[in-house]
Amino acid sequence: MPLLWMTLLPFLGSIALGTRYIIAPQKKNMLYPVLSCLVLLVSFVLAIGMAFSVLGSEEVIVFDIGSWMSAGTYNFRARLYLDSLSSILTLLVTGIGFLVHLYSLGYMHEDPKVIKYFSYLNLFCGFMLVLITASSLPLLFVGWEGVGLCSFLLIGFWYQDQEKSFAGRKAFIVNRIGDAAFILAMALALHAFGSLEFSAISPIASVTHEHFAYHSIGNIEWIAILLFIGCMGKSAQFPLYLWLPDAMAGPTPVSALIHAATMVTAGVYVLGRCSALYASAPMASHIVTIVGIFTAFFAATVAIFQNDIKKVLAYSTVSQLGFMVLAMGVGAYAAGIFHLVTHAYFKGLLFLGAGSVIHGMHHEQDIRRMGGLKSRMVATTVTFMIGYLAIIGFPLMSGFFSKDHILHHVSLTGNAWYFIIVLLSALLTALYMTRLIALVFLGSNTRISLVKAQKIHESPNVMLIPLWILAFLSIVGGWKFFSFYPVLEKLFPTHAHGHALWHMTETSVAIISSVLVLLVAGFSMRYFLKAPVVIDKTPSSLEIAGQRQWYVDESLMQFGRYAMASLSKISNFIEKIIVDGLIGNIKFVVMSFARGLSAMVTGIPQSYVFFLLLGIVFIIYFSIGM
Amino acid sequence: MEYLFYTFSGLAILFSLGVVFARNPIYSGLSLVTTLFFVSGIFVLLHAPFIGVLQILVYTGAIMVLFLYVMMLLNIQEEQIVGTRKHLMKWMHLPLIVVIFFIFKSLILVPTFSDIPVDEKFGSVFNVGESLLGSYVLVFEIASIVLLAAMIGVVVLTKKTQKEKP
Amino acid sequence: MIVPLDHVLLVSFALFLIGLVGLFLRKDALTIFLCVELLLNAANVAFVGVARSIGDVTGHVVVLIVIAVAAAEAAIGLSIVIRLHQNKKPLEVQKLNELKG
């Protein structure tokens with residue numbers, strides 16, 4: 001029962017707020033948003049309660065809702081399922097969800113449509129929980145689509161601005177491409193396995209560290225690849241990442257919750273949930289790895305050149321998602337999920353901190369116009385710095401542990417190129433994040449316009465408390481008592497690889513990467529603090545290219561336009577030649593037939609009689625049956 | 001009494017040939033009158049006295065007379081008609097007729113019913129009238145409507161239009 | 001019956017055939033009409049013969065109706081011929097083909 005309530009409550013909250021909004025859209029009443037926060041708090045408490053019995057043990061909590069659909073021999077039940085993996089993620093969603101709700105009370109305070117906002121936010125959390133606790137692919141897909149919908153609603157929340165609504169639309173459409181692949185994967189899986197329950201497709205056994213024997217199933221590679229394409233859409237891998245930077249048009253808490261902590265990690269969760277599947281599909285896993293590595297590196301290079309604080313964080317998210325995905329690809333499922341958790345901590349923190357900065361700077365988002373905020377917004381600075389240290393992998397922070405695990409497993413593959421590129425991506429992370437904090441918080445405040453400089457203020461407590469909590473988690477997330485990693489390790493089967501690259505142990509990897517990261521951070525700090533930042537200088541072509549994500553977005557849009565144009569030309573041709581031709585031909589045939597027949601009407605009665613007799617003869621002939 | 005039948009039928013066929021091959025249309029008409037006369041005789045021999053008499057009264061006495069009146073009124077001269085035509089259509093009908101003949105031949109080979117003996121009242125006015133105005137009264141009424149329509153048609157067709165008023 | 005039914009039907013057929021031949025052979029409208037009457041009569045003969053054979057007076061009823069219809073048809077056909085003559089049109093069937101095509 002607690003499982004059902006945990007998942008159902010956010011929906012009820014959303015409906016309640018939605019009804020209130022529909023009844024009286026003009027009047028603002030802060031009671032309702034507070035109510036929605038409490039809803040999520042209750043869900044969080046329930047999640048904790050259930051985690052006690054589920055985490056680390058074999059136990060699972062199941063709640064069967066009922067028979068959902070049946071077609072022919074297939075029967076789908078809607079069932080909620082909580083094992084260790086889901087439990088961790090429910091804690092994450094409800095916990096960070098609650099913090100974001102709290103934060104939004106302050107951030108969205110002045111917005112007239114705040115009730116609608118919280119309704120959507122609750123709805124999102126509800127769908128996310130459905131996604132996580134689903135016991136079968138179709139129910140997961142319901143949550144999947146639901147969060148896509150809420151993402152669209154929330155990104156385009158200020159839809160009066162056309163660009164923002166386009167961003168929402170773009171998110172939905174790019175997502176849809178992934179969804180199409182997801183549906184195909186479901187169809188293939190149904191055909192191959194006869195059922196879409198996870199217990200049939202990909203059982204995660206904590207006890208046995210063997211692989212499920214899939215050797216008799218045929219299309220496994222295709223199922224895995226198609227499923228991964230679906231994940232690419234949700235988790236913003238190249239080339240389906242396009243929507244995420246544009247999604248920054250939505251309110252910052254939305255970016256924190258959806259695009260840092262929860263929705264984008266849904267794809268990684270699916271990869272983890274189906275880990276047994278991918279463990280038996282080496283080619284698909286290979287593809288996953290390559291896409292992940294490429295995404296991680298690519299997004300990091302773009303992030304260096306961005307000037308909007310949220311865009312930097314957006315590309316950073318894409319890059320970190322690449323890390324998670326590549327971890328899943330090389331078989332380090334536990335490391336990938338663990339990075340998901342720590343990333344939720346520090347990226348959520350970073351986004352909320354950015355929101356605080358934006359709020360304090362009265363909606364200024366260009367980092368070139370910021371500087372030296374450390375003296376004016378102390379709490380924000382401190383928490384943001386903690387998040388910064390976590391993301392670059394400063395030793396003993398949570399990010400250090402998760403990134404380290406990933407690097408270690410990449411080195412275990414024995415592939416030098418993989419390791420080098422991944423390490424490089426980590427260093428680039430350090431580079432762009434250092435640039436960010438150097439330009440925003442450190443240095444002098446001379447770049448800020450005078451008007452704004454007078455009005456800078458620290459954010460209210462209701463926004464700061466979540467920051468502190470997340471900062472705390474970012475620090476201790478990897479430590480003994482707080483870390484989920486041991487639980488995860490028990491959950492996923494590990495397989496032995498070949499020799500480690502250059503015979504590095506885990507510790508040596510950690511040391512090398514930390515040293516390099518610190519070096520990069522130090523150097524870039526010096527560089528960015530010293531380098532002059534002129535706002536209105538014409539950017540070099542490199543910078544332009546970098547800003548425009550190396551023209552990926554534009555080229556894809558062009559390609560899309562071209563494809564549509566050719567498609568319409570083809571249809572035009574088909575219409576003209578085939579349809580018109582066919583009708584013209586039919587007309588010709590009918591006309592000639594009619595002309596032939598009318599030749600029989602001569603006007604002479606004898607011929608009429610002749611044909612009459614002919615007909616009668618035939619009738620008699622055939623009726624007698626001679 | 002069979003020879004009576006064969007005589008009548010032979011003469012009927014003879015005069016029908018006369019209908020077809022006579023030059024003057026008046027001769028054709030008169031030949032047809034004679035043919036109908038003999039056919040009427042055949043009717044009587046076949047125990048259909050009512051029909052036989054009716055044939056003479058109506059068919060010969062009214063319809064053929066009408067025909068002859070018209071022919072006389074129109075004053076068709078002999079030169080206006082040529083006996084047979086000279087083109088392809090003439091010969092096209094022969095194979096058709098051959099086919100019909102063969103079909104008919106196979107019809108004749110079909111075993112006929114054994115004759116049912118009838119009493120004297122068969123075919124009498126009473127008998128036919130009973131059937132006509134009894135079970136087939138609807139057909140009777142419809143036939144009368146047909147005649148009515150024909151009458152109206154004739155009146156309409158022969159009305160003088162404005163242009164023709166002398 | 002006075003003669004076997006086959007013979008009656010044969011007579012009917014002969015009359016019918018002659019009527020057909022005449023119909024195709026002649027080219028003036030009036031004579032063609034006469035041949036049509038011949039056809040109808042041939043049919044009448046057949047009906048009477050069969051009626052006698054099966055002992056049902058229905059055949060006679062049919063003959064009556066045929067005669068009535070023949071009368072109607074003759075009336076109208078002749079009125080058309082009169083009309084044609086009044087309009088100075090030729091009475092040859094070949095030339096009366098305005099309904100052609």
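User: What makes a contact a salt bridge, and why is the pair Arg176(A) and Asp179(A) called one?

Analyst: A salt bridge is a side-chain nitrogen of Lys or Arg within 4 Å of a carboxyl oxygen of Asp or Glu. In this predicted model, the closest N and O atoms of Arg176(A) and Asp179(A) are 3.0 Å apart, and that value lies within the 4 Å cut-off, so the pair is called a salt bridge. Both residues lie in helix α6 of chain A, three residues apart, which is about one turn of the helix.

User: Why is Asp179(A) called buried or exposed?

Analyst: Asp179(A) has a relative accessible area of 3%, and because buried means under 20%, Asp179(A) is called buried. Arg176(A), at 36% relative accessibility, falls between the 20% and 50% limits and therefore counts as partly exposed.

User: How do you know that Glu145(A) and Arg176(A) link distant parts of the chain?

Analyst: Their side chains meet in a salt bridge of 2.8 Å, N to O, and the two partners are 31 residues apart, with Glu145(A) in helix α5 (residues 137-155) and Arg176(A) in helix α6 (residues 162-193) of chain A.

User: What makes Asp64(A) and Arg79(A) a salt bridge?

Analyst: The closest N and O atoms of Asp64(A) and Arg79(A) are 2.9 Å apart, which is within 4 Å, so the pair meets the definition. Asp64(A) sits in strand β1 and Arg79(A) in strand β2 of chain A, 15 residues apart. Asp64(A), Arg77(A) and Arg79(A) are linked in a network of salt bridges.

How values were computed:
Residues are numbered from 1 along each chain as its sequence is written. Chains are lettered from A and ligands numbered from 1 in the order in which they are written. This is a predicted model: local features need pLDDT of at least 70, side-chain atom pairs count only at pLDDT 80 or more; totals for chains, interfaces and linings use all residues. Side-chain values use heavy atoms; hydrogens and water are left out. Helices (H or I, at least four residues) and strands (E, at least two) are DSSP runs, numbered from the N terminus. Buried means under 20% relative accessible area, exposed over 50%, partly exposed in between (1.4 Å probe, protein chains only).
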